[in-house]
Amino acid sequence: MHSGLVNPIDLFREGRQAGHLAIPYSVDRSPYYQIRIPILRLKNGEGPSLLLMAGNHGDEYEGELQLGRLMRQLDITKIRGAVTILPMANLPAVMVAKRCSPFDGGNLNRAFPGDPAGTPTARLAHFLEHDLFPHHDAVLDLHSGGTSMAHLSCTLIERQADAERFARAVTLMRAMGAAHAFIADNGPAAPTSMGAAGRAGTIGLSGEFGGGGTVSPESMAFTAAAIDRLLVALGIAGEPVLSRGPLAAPPALQLLSLSRHSQGIYAGRRGWFEPAVPLGAHVSAGDLAGWYHDLERLEQPEEALRFAEGGIVISHRLHCDSQAGDCLIQVAEPIDG
Ligand SMILES: [Zn+2]
């Protein structure tokens, strides 16, 4: 077997199935090497079905750690319906602590709908969109800012043409209990997992659960609560599994819109970025966003960077060292609804 993807899980079978998706990929040190991606399937009777995935980008850890924990803690006798857990979707990227796969450079969240005869990342994307997503009522794909970016914790969905499914997605996103949430407009052909979910006829849910290539007590608690709330909202679990103690009442939800290039400040040349405002700050157009230093021309004063648009600061670059094209800081527009 030198192509495709081998799936050991029977999605119609009752009970617990643990195994690995295997993607054959011949490499120098191992001609018959297989990329082995852990997967757990729990099915307890008829009921709702949820796919939980993380490690779409390898260096985004809240989801990877919490879904690994959930694999150990979720008791099949206490669920109704089915849960599939994929804690390290792009496993090669996870194992080298990178966003993209070291084998093919593949960014899984830009690889959908994939290609069954393509690179490992393309084959995985094709399997997820065509074989796995369609068997679930909802898909939660957990992201964070990654090594290079700090991101305001938020949940996220993409707008879908199917009005009924979109309304259900909004309801479930609200149920996840974040203080901030996005509705992204990436179109029906989006190469993202959320675009794939739309094409697969399931409800796609996502979010940015932390950032910086690390985790914090706060980001882990936010992630645990979001997963627990979703399991309860879908009727799969009767009580929280990952959260320590009962779930608090969720905060009021602020919806955000990020749709224009002018909401970000991009580097136009090599430089060193110093942010002036924290994540979550409310800013106006013209406010100071940060400074751009030039360590190669120390006689030059640092450049003051100003926001072109107001809003809520949702992300900024963590690596000071920046190149032309890097996004340094972004604001999102608060919207009603
Ligand atoms: Zn990501």
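About 40 Å³ of space lies within the second largest cavity of this predicted model. Its walls are built from I23, I35, I37, A89, N90, L91, P92, S101, P120, T121 and L124. Sorted by class, that lining comes out as 8 nonpolar and 3 polar residues, with no charged residues. Three elements put at least two residues each into the lining of this second cavity: the strand β2 (34–44) and the helices α2 (91–95) and α3 (120–132). Of the elements around the second largest cavity, α3 gives the most, with 3 residues.

How many cavities of 30 Å³ or more does the structure hold? The count is 2, and the largest has a volume of about 50 Å³. Lining this largest cavity are I157, E158, Q160, R165, F166, A169, T202, I203 and G204. Here β7 (154–158), α4 (163–175) and β9 (203–208) are the elements that each supply at least two residues of the lining. Which of them has the largest share of that lining? That would be α4, with 3 residues.

Set side by side, the two linings read as follows. Around the largest cavity there are 4 nonpolar, 3 polar and 2 charged residues, whereas around the second largest cavity the tally is 8 nonpolar, 3 polar and no charged residues. Among the residues lining the largest cavity are E158 and R165, and these belong to the charged class.

Away from the cavities, there is a helix pair to look at. Helix α1 (residues 61–73) and helix α6 (residues 217–233) have axes that come within 10 Å and cross at roughly 55 degrees. Because of that angle, α1 counts as oblique to α6: the value falls outside the roughly parallel range, under 35 degrees, and outside the roughly perpendicular one, 65 to 115. As for handedness, the crossing of α1 past α6 is right-handed.

Which residues make the contact between these two helices? On the α1 side they are E62, G63, L65, Q66, L67, R69 and L70. Facing them, α6 brings in S219, M220, T223, A224, I227 and L231. Taken together, the residues of the contact of α1 with α6 divide into 7 nonpolar, 4 polar and 2 charged. Among the α1 residues in this contact are E62 and R69, which fall in the charged class, while the α6 residues M220, A224, I227 and L231 are nonpolar.

Note on methods
Residues numbered from 1 in each chain as written. Predicted model: local features only at pLDDT ≥ 70, side-chain atom pairs only at ≥ 80, totals over all residues. Heavy atoms only, no water. 1 Å grid on protein atoms, 1.4 Å probe; cavity = no way out; pocket = protein on both sides within 12 Å on 5 of 7 lines; lining within 4 Å. Points joined across faces, edges and corners; volume = space filled by probe spheres on them. Helix = DSSP H or I, 4+ residues; strand = E, 2+ residues; numbered from the N terminus. Axes fitted to C-alpha atoms, helices over the stretch in contact; angles between N-to-C directions. Parallel < 35°, antiparallel > 145°, perpendicular 65-115°, else oblique. Left-handed = near helix turned anticlockwise from the far one by under 90°. Contact = heavy atoms within 4.5 Å.
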